[in-house]
Amino acid sequence: MSTENLPQSPEQPSRKPRVAVVFGGRSSEHGISVVTAGAVLKAIDRTAYDVLPIGITPGGRWALTADEPERMAISDRRTPSVDQLAESTEGAVVLPVDPADREVVYSEPGSVPKALGEVDVVFPVLHGPYGEDGTLQGLLELSGVPYVGSGVLASAVGQDKEYMKRVFTSFGLKVGPYLVIRPREWERDESAARGKIVDFAGEHGWPLFVKPARAGSSIGITKVDDLSALDGAIAEARRHDPKILVEAALRGREIECGVLEFEDGPRASLPAEIPPPDAHAYYDFEAKYIDSTPGIVPAPLTDEETAEVRRLAVEAFDAASCEGLVRADFFLTEDGEFVINEINTMPGFTPISMYPQMWQATGVSYPELVDLLVRAALRRSTGLR
């Protein structure tokens, strides 16, 4: 894609726009969020923007961190933590909740609060609950600070796989067979709740995928090949979320497609295919991030299949009222039909992640992608839109 087609820069203010890159968080995807933030901090154009890195610790404290992207990489198969990057073990960053005041303040016990300056836009690279699920977006709406990505509703829908599927089916998008077990069902009659899963397996066959309903990065997911492994899979999913989702296995190819919002509306990237990883039962957390199982970009599809999955990806983006960016994941079944599995409103965003790779193949480099997202957020207002 030629840079001639990229949105034009907004009128230059008297100072550079200030971008707060917010990362980490309280979810099980904390470490991957830190890795993503390192990539964004490295790529963002420092001649165009001032940057303020803000990390949220696993305990929920907003910490001032050093602007050192090289410390945010996976090392020895371990992901980094905000606790390792924070400049203080007690200091906290406070975002104002007055829409007329965007001054960010840093305070430490026994010290006078220090003003860090105004923030013009937040780039929240958090994954999972307490960040990607509409909670942070709601805080930013109250603060009147524009931000990258989807709003409260779309973020919440994108995080909760049950309601995501309900939205898709209401818009005519095809989803695979699934079953939801809510927390109250476990509390009322755990045996009956387990029996529903067994009945589901009897109807759709093994294997099943048991997963937390509101988690990502394949954390907490188990491929269950028979009844003997079911209880362990349920326990693992419920360790991350009291509501679980059970999905029937779909026979077919895994296809992903990126959606990016331009000034004239959302457009889809060339799709990618995720081949079955050799050393893993499925495309799990380690296959994605530790062993970096490579995807095939662009996916070896016919022109008609490519056009269809791009169309469906934009339809999913619109169905959930998304903004900014989305990665839409599909199965191309053996009978040639695309079935949508899920969307991610803040997908993996390191340079080796599939979303940036798909846009790279479509003609948008990683630094251009970061710039496009920041500029789109600066154009938007908060509130109803």
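**Two sheets, a helix and a buried serine**

Ser353 sits in the loop that links β16 to α11 (354-362). The model looked at here is a predicted one, and this serine makes a handy starting point. In UniProt, an unreviewed entry puts the feature "active site" at Glu29, Ser217 and Ser353; an annotation of this kind may be inferred rather than shown by experiment. Is Ser353 buried or exposed? With a relative accessibility of 10%, Ser353 counts as buried, because the cut-off for that label is under 20%. Its side chain also has a polar atom 3.4 Å from the backbone nitrogen of Phe349.

Now for the sheets. One of them is an open sheet of 4 strands, lined up in the order β3-β2-β1-β7, and its pairing is mixed. The edges are taken by β3 (62-64) and β7 (121-124), and each has a single partner strand, so one side of each is left without a neighbour in the sheet. Going from one strand to the next, the twist averages 30 degrees. Strands in a sheet are held together through backbone hydrogen bonds, and they can run parallel or antiparallel. Here β2 (residues 50-56) and β3 run antiparallel, joined by 3 bridges. As for individual residues, Gly55 has Ala63 in β3 as its bridge partner. A helix packs on this sheet too: α12 (residues 366-379) touches β1 (18-24) and β7, and its direction makes about 135 degrees with that of β7.

Another open sheet of 4 strands has the order β8-β11-β9-β10, this time with antiparallel pairing. Its edge strands are β8 (178-181) and β10 (222-224), each of which pairs on one side only. The twist in this sheet averages 25 degrees from one strand to the next. Between β9 (residues 208-212) and β10 there are 3 bridges, in the antiparallel sense, and Phe209 stands opposite Lys223 in β10. Helix α5 (residues 161-170) packs on the sheet by touching β8, β9 and β11 (244-248), with its direction at about 135 degrees to that of β8. Helix α8 (residues 230-240) packs on the sheet as well, touching β9, β10 and β11; its direction makes about 25 degrees with that of β9.

Helix α5 deserves a second look. Which of its residues are buried? They are Lys161, Glu162, Met164, Lys165, Val167 and Phe168. An α-helix has 3.6 residues a turn, so residues three or four places apart point the same way. The buried residues of α5 pack against β8, β9 and β11, and also against α4 (152-159), α10 (303-319) and β16 (338-344). At the N-terminal end, Asp160 acts as the cap of α5, with a side-chain oxygen 3.1 Å from the backbone nitrogen of Glu162. Just past the helix comes Gly172, which takes a positive phi of about 85 degrees.

Finally, the cysteines. A disulfide is a covalent bond between two cysteine sulfur atoms. How many disulfides turn up in the whole structure? The search finds 0. Cys257 shows why: the closest cysteine sulfur, in Cys322, is 13 Å away from its own sulfur, which is too far for a bond. Both residues are tucked out of reach by the accessibility cut-off: Cys257 is buried at a relative accessible area of 0%, and Cys322 counts as buried at 7% relative accessibility.

Methods. Residues numbered from 1 in each chain as written. Predicted model: local features only at pLDDT ≥ 70, side-chain atom pairs only at ≥ 80, totals over all residues. Heavy atoms only, no water. Pairing = 2+ DSSP bridges. Axes fitted to C-alpha atoms, helices over the stretch in contact; angles between N-to-C directions. Contact = heavy atoms within 4.5 Å. Disulfide = S-S within 2.5 Å. Buried < 20%, exposed > 50% of the residue type's maximum accessible area, 1.4 Å probe, protein only. Polar contact = N/O pair within 3.5 Å; in protein donor to acceptor, adjacent residues only side chain to side chain.
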